[in-house]
Amino acid sequence: MQTFSVNSLVSVIMPVYNASRYLEQAIHSILDQTHKNLEILIADDSSTDNSWEIIEKIEDPRIIKFKNENNLGYLKTCNILFDKCSGNFITFQDADDFSDPRRIELQLNSFQEDHELGICGTSICRIDSNGNIILKEGKRQSDSDIKAEIGKSPQFCGATIMIKKSVLKKIGGYKEYFDRIGSEDYDWSFRIVEKFKAKNLTEALYFYRQHSEAISKEVNPRKMVSSKMVLFFADQRKINGEDDLMKGNHTEAKMREEKFLIPYQNDPSLIFVEYASWFMYNKMFRDAISISISALKVNPYSLRNLRTLLYCVRKSIANYVWNRG
């Protein structure tokens, strides 16, 4: 069993790519944590802005700096940093978000209170580019609720996850299958929850920044089916004890993904409708309207696309009137 102390060393992983606007705030939100025994592993992923210059000018003995010669992406950079972690516990900080100063302390307290705990996240606040809170998003808290619901949808905000290093040794890092298509944290947390006790803190201790422009520019059907692949692999593990990725059966995995992609190939406007739904859920009304217009441009004869646009406009107006009142 892993030894715990209230002053345990925590490794904080921070990949950085073109995050100069928010980077200092992200770094200082970790440096200013109430729990001080940290190592902060910051890796610039070959940024084209001045992110590296910002990293270099911040001096603190707890910061360990790395620079990728080529852009490797978030997933591969995290996997490299996993191998360099010295702490008994590992967590994350994304370069364009920030953490409440109590986050790491409160998560560590949970591990102290329950030595069987393997993974702990927190609730979050979604914020816009200016730091204004869009919505507070609670997470299911108990191990039983998380285990019951993770087969339906992700139960953690990936960047809030804290694990014991012994969990990483048993589960491993992110699966490269998910490189640049997302859901790597969903797959990773799912595999952890299958074998360890899980928890989310009630408090919103992480501020997750929504970037609508970046999301809209990265419209990619593979991103939309990545979560379905997570559930497909989970079903395989439940039935057979291992999944295609564990067996190295990447051909079979690719064939399943291609089946999931068929609806998007048959209707190229579908992906825009699904993004509109996601924007509406996150109260990003202007973006929802814009991308529903894109759906109509792709397929102007679809009644569903027209209804989606009208719904987004109607709800956006209602929200505006409500807030004005």
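Begin by selecting helix α7, residues 184-193, in this predicted model, where 9 of the 10 residues are buried, so that the helix is mostly covered. The buried residues include Tyr186, Trp188, Phe190, Ile192 and Val193, and charged residues such as Glu184, Asp187 and Arg191 are buried as well.

Next, move on to Glu194, which lies in the loop between α7 and β9 (197-209), and show its side chain together with that of Arg237, because the two meet in a salt bridge with 2.9 Å from N to O. Arg237 belongs to helix α9 and is 43 residues away from Glu194, so this pair links distant parts of the chain. Which of the two partners is buried? Arg237 is, because its relative accessibility of 8% is under the 20% cut-off, whereas Glu194, with a relative accessible area of 37%, is partly exposed.

Keep helix α9 (residues 221-240) selected and add helix α11 (residues 250-266), which packs against α9 at an angle of about 130° with the two axes 9 Å apart. At that angle the two helices are oblique to each other, and their crossing is right-handed.

Now select Glu137 and Lys139, whose closest N and O atoms are 2.6 Å apart in a salt bridge. Both residues count as buried, Lys139 at 15% relative accessibility and Glu137 at 9%. Add Arg126 to the selection, and you will have a network of salt bridges that links Arg126, Glu137 and Lys139.

For another salt bridge, one of the 18 found in a search of the whole structure, select Lys57 and Glu24, whose closest N and O atoms are 3.5 Å apart. Lys57 sits in helix α2 (residues 51-57) and Glu24 in helix α1 (residues 23-31), so that the pair, 33 residues apart, links distant parts of the chain. Here Lys57 is exposed, with a relative accessible area of 53%, while Glu24 counts as partly exposed at 34%.

Then go to Ile291 in helix α13 (residues 285-298), a residue that is buried, with a relative accessible area of 4%. If you also select Glu274, 17 residues apart from Ile291 along the chain, you will find the two C-alpha atoms separated by 9.4 Å.

Finish at helix α14 (residues 303-324), where Val321 is found, and where Val321 counts as exposed at 51% relative accessibility. Select Val313, Ile317 and Tyr320 along with Val321, and you will see a nonpolar patch on the surface, with about 380 Å² of accessible area together. As a general point, an α-helix has 3.6 residues a turn, so residues three or four places apart point the same way.

Technical notes. Residues numbered from 1 in each chain as written. Predicted model: local features only at pLDDT ≥ 70, side-chain atom pairs only at ≥ 80, totals over all residues. Heavy atoms only, no water. Patch = residues over 30% accessible without salt bridge, like charges linked within 9 Å, V, L, I, M, F, W, Y side chains within 5 Å. Areas by Shrake-Rupley, 256 points an atom, 1.4 Å probe, with all protein chains shown as cover. Salt bridge = Lys/Arg side-chain N within 4 Å of Asp/Glu carboxyl O. Helix = DSSP H or I, 4+ residues; strand = E, 2+ residues; numbered from the N terminus. Buried < 20%, exposed > 50% of the residue type's maximum accessible area, 1.4 Å probe, protein only. Axes fitted to C-alpha atoms, helices over the stretch in contact; angles between N-to-C directions. Parallel < 35°, antiparallel > 145°, perpendicular 65-115°, else oblique. Left-handed = near helix turned anticlockwise from the far one by under 90°.
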